[in-house]
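Hi,

As promised, here is the structure we talked about. Have a look at it first, and then read on for what turned up when I went through it.

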Amino acid sequence: MPTRYLIRFDDITPGMAWSKFKPFETVSDELSLPYLIGVVPDCQDPSLSVEQERADFWPWLREKSLKGWTIAQHGYTHVYATKERGLLGIGRKSEFAGLSYQEQFDRLSAGKDILVREGVWHGVFMAPSHSFDAHTLKALKALDFSALTDGYGFYAYDLDGLVALPQLLAQPLGLGFGVETICLHVNTMSDAAIAHRIEFLKAHHSSIIGFGEAISVEAPFDRVERVTRFMSHIALRSYRLLRG
Ligand SMILES: [Zn+2]
């Protein structure tokens, strides 16, 4: 079985770089590619507003939801509150990790309410800067979330009662097994990088799957899943240490 790819877009907001996202939307329409998109329910992070706000943001999301895209809740306001790396040890900032359980529950609940009201809450969480802690997981469970798009390895696994679908790098590795989540931030992508990614999507479109299918891909042996998760954890930690 070849590598399968899940295409994940972070930082979906009314004022995102729509001109840069457009080529990805077009190729999705042409080839029926079901993306995973992280929507900030109430974006207060000015760095994520780079183009004219889209007036039909919520109807646009409902249309994508009907087309089979998965909508993840990407935090609440996307304003970083702490410098915590969280459980995965990635990054140095967090909207959630380090806050009390009640603070995290209230923020997640407020964000969920907005997505529910707009009819686009799918019960999937995408942590800003990949940073969350044990309180975050407990609050997500209490709010009936079922999955999150983060973690180590190449197969979905159980993380405190939630399904964690690993997300490792922005570059595809094509190892020949498992699911690789390719994480894209269009706001900061160059035209050349966008063209490169579009070529990749066209060349690999038959291996691109949606979030629901991605979490159901199983490792051939449980041991394989645990070993690859461990190895990728070590490799990624080393990679990040090397980069400082
Ligand atoms: Zn983000």
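**The sheet, strand by strand**

Strand β1 (residues 4-12) runs parallel to β2, and three bridges join the two. Within this pairing, R8 of β1 sits opposite L36 in β2. Please keep in mind as you read that this is a predicted model.

From β2 we can walk on to the next strand. Strand β2 (residues 36-39) also pairs with β3, again in the parallel sense, over four bridges. Here L36 stands opposite T70 in β3. So L36 is a handy residue to click on: R8 stands opposite L36, and L36 is also found opposite T70. Between these two strands lies helix α2 (residues 57-66), and β2, α2 and β3 together make a right-handed β-α-β unit.

The next step goes from β3 to strand β4 (residues 124-125), a parallel pairing over two bridges. The bridge partner of Q73 in β4 is F125. To get from β3 to β4, the chain crosses through helix α3 (residues 101-117), and this β-α-β crossover is right-handed.

Which faces of β3 are covered? Both are: in this strand (residues 70-73), T70 and A72 are buried on one side, and I71 and Q73 are buried on the other.

Now for the whole sheet. Eight strands form an open sheet with mixed pairing, and their order is β6-β7-β5-β4-β3-β2-β1-β8. The edges are taken by β6 and β8 (179-184), each of which has a single partner strand, so one side of each is left without a neighbour in the sheet. As a reminder, strands of a sheet pair through backbone hydrogen bonds, either parallel or antiparallel.

**The chain as a whole**

In total, the protein chain has seven helices and eight strands. Its length is 244 residues, of which 40% count as buried. Among contacts with a separation of 6 or more, 74% are between residues 24 or more positions apart.

**The core**

The largest nonpolar core has 53 residues, and those with the most contacts inside it are I7, I37, V39, A72, F125, L140 and L148. Strand β1 gives the largest share of this core, with five residues. In general, nonpolar side chains tend to be buried together in soluble globular proteins.

F125 is a good place to look around. Apart from its neighbours within four places in sequence, F125 is in contact with A72, Q73, L140, F145 and L148. Q73 is also the bridge partner of F125, while A72, L140 and L148 are among the core residues with the most contacts.

**Helix α4 and what follows**

Helix α4 (residues 134-142) has four residues you may want to highlight: T136, L137, A139 and L140 are its buried ones. Looking down the axis of α4, these buried residues fall within an arc of 165 degrees, so they line one face of the helix. On the face turned away from the buried side are the exposed residues A134 and A142. What do the buried residues of α4 pack against? Their partners are α3, β4, β5 (147-148), β6 (157-159) and β7 (162-164).

After α4 comes D144, in the loop between α4 and β5. D144 has a positive phi of about 70 degrees although it is not a glycine. Its count of C-beta neighbours inside 10 Å is 9, so D144 counts as exposed.

S32 is another residue of this kind: it is not a glycine, yet its phi is positive, at about 55 degrees. You will find S32 in the loop between α1 (18-31) and β2. With 12 C-beta neighbours inside 10 Å, S32 counts as exposed. For context, most residues other than glycine have a negative phi.

**One more residue: L201**

Finally, take a look at L201, which is found in helix α5 (residues 191-203). Is L201 buried or exposed? It has 20 C-beta neighbours inside 10 Å and therefore counts as buried. Beyond its neighbours within four places in sequence, L201 is in contact with V27, L33 and I208. The C-alpha atoms of L201 and F24 are separated by 8.8 Å, although the two residues are 177 residues apart along the chain.

Happy browsing, and do write back with any questions!

Best wishes

Technical notes:
Residues numbered from 1 in each chain as written. Predicted model: local features only at pLDDT ≥ 70, side-chain atom pairs only at ≥ 80, totals over all residues. Contact = placed C-beta atoms within 7 Å. Pairing = 2+ DSSP bridges. Right-handed = clockwise from strand over helix to strand, strands pointing away. Arc of directions from axis to C-beta. Core = buried A, V, L, I, M, F, W, Y, C linked by C-beta atoms within 7 Å.
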